[in-house]
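Hello,

Here is the structure I promised to pass on. My notes follow below it.

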Amino acid sequence: MTYLKLSGITRRYGKVNAVAGCSLAIDEGELVSFLGPSGCGKTTTLRIIAGFERADQGEVHLAGERIDDVPANRRNIGMVFQSYALFPNMTVAENVGFGLRVARMPPAQRSARIGEMLELVQLGGYERRYPTQLSGGQQQRVALARALALRPRLLLLDEPLSALDAQIRVALRQEIRALQRRFGITTIYVTHDQEEALSLSDRIVVMHRGHVEQIGTPEEIYHRPATRFVASFVGTLNLLDARVIDPSQGVVQLGDQPLALGAPLAHPAGAAVVLALRPEALAFDDGLAPDVPRLTGRVVTTEFLGTLLRVTLRIAGQACCVDVLNRPGLAVPAPDSLVTLSFAATAATVLAADAPAH
């Protein structure tokens, strides 16, 4: 059931469309990430939902109610900022309880709620400390506890982990997901970090220059990008220029190498297309599967990435990466050697080469 609905949201700054006709329906209890580079419109959209900014066009509905004219302080929406936004002159307990005090919750009930929230974010016993006495991760936990204390109808998180180091980010995003599931609270998470979005989300909204490029599950966004921008932004991906030879049979040609992809194509014969292939979907040909597509290229470099080895080849004058799981005794092709790659036809996505970029 749709819980939050955005219909044609547009926000302009002068002649620039920060958000251009954003429409989206989010179900109750979903965690949806807005993913995109800086300036793509994700934070502006979040601020419109929160009531900190007003859209020039469009409507926002929450739980069946249109809230465009409802002031931010009456929307009962919790928000966690990148900068923590804690009151430095207040203790941890006072920060968590600030909204409860404004809402005139009785002191005994307020104290119990503060204790409950701090236990949930693993900060029991920190009530009397001040923000300057906490680490960055602890401060963000306090901000999260404060947002959840009022039992908001909707939780908004604006790049809440970007100021933290990698190890703390991984731990905190797992805690955020666990808390979100425990409360069943509908949540929007803004990030430019692909790994965060892929690991946290029920669905991802990929944005670029104010436009929604694609909405889908992490698996759909990763394995079936709808546009060239999504393909290039999410994860590492090979984008190889090709041309359609036989659309009914799914045959394309890369340089002088034909590839039968096994399914009809929506592009006409002769059309320029882009073949999108994840590095991990490619394998050095073992000769055991005669019917899979194959590409031949020349090895350029090999990179050691810990659990992976990344081999870069030139195929029809284009760079193509292959990721191989590292293991003792792994045989790696030598630079300048000619090798053949194979892949499952279903691993390839064919995109229009001239798809418009927003």
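Start just past helix α2: Arg104 follows it, with a positive phi near 60 degrees. Helices here are DSSP runs of H or I of at least four residues, strands are runs of E of at least two, and both are numbered from the N terminus.

Before the rest, the ground rules. This is a predicted model, in which local features need pLDDT of at least 70 and side-chain atom pairs count only at pLDDT 80 or more, while totals for chains, interfaces and linings use all residues. Residues are numbered from 1 along each chain as its sequence is written, and side-chain values use heavy atoms, with hydrogens and water left out.

**Overall**

The protein has eight helices and 20 strands. Its C-alpha trace spans about 75 × 50 × 35 Å along the principal axes. Of its 358 residues, 48% count as buried (under 20% relative accessible area, 1.4 Å probe, protein chains only). The exposed area is about 17,000 Å², with 51% of it from carbon and sulfur atoms (Shrake-Rupley method, 1.4 Å probe).

**Helix α2 and its cover**

The buried residues of α2 are Val92, Ala93, Asn95, Val96, Gly97, Gly99 and Leu100. Their cover includes α3 and α4.

**α2 against α4**

Helix α2 covers residues 92-102 and helix α4 covers residues 136-149; they pack at about 25 degrees, with axes 8 Å apart. Axes are lines fitted to C-alpha atoms over the stretch in contact, and angles run from 0 to 180 degrees between N-to-C directions. α2 is therefore roughly parallel to α4 (angles under 35 degrees). Their crossing is right-handed (the near helix is turned clockwise from the far one by less than a right angle). Val92, Asn95, Val96 and Leu100 of α2 meet Val142, Ala145, Arg146 and Ala149 of α4 (heavy atoms within 4.5 Å). That contact divides into six nonpolar residues, one polar and one charged. Nonpolar means Ala, Val, Leu, Ile, Met, Phe, Trp, Tyr, Cys and Pro; charged means Asp, Glu, Lys and Arg; the others, Gly among them, are polar.

**α2 against α3**

Helix α3 covers residues 107-120; its axis comes within 9 Å of the α2 axis, and the two cross at roughly 125 degrees. The pair is therefore oblique (neither under 35, over 145, nor 65 to 115 degrees). This crossing is right-handed. Val92, Ala93, Val96, Gly97, Leu100 and Arg101 of α2 meet Arg110, Arg113, Ile114, Met117 and Leu118 of α3. Seven of these residues are nonpolar, one is polar and three are charged.

Best wishes

Key
Buried means under 20% relative accessible area, exposed over 50%, partly exposed in between (1.4 Å probe, protein chains only).
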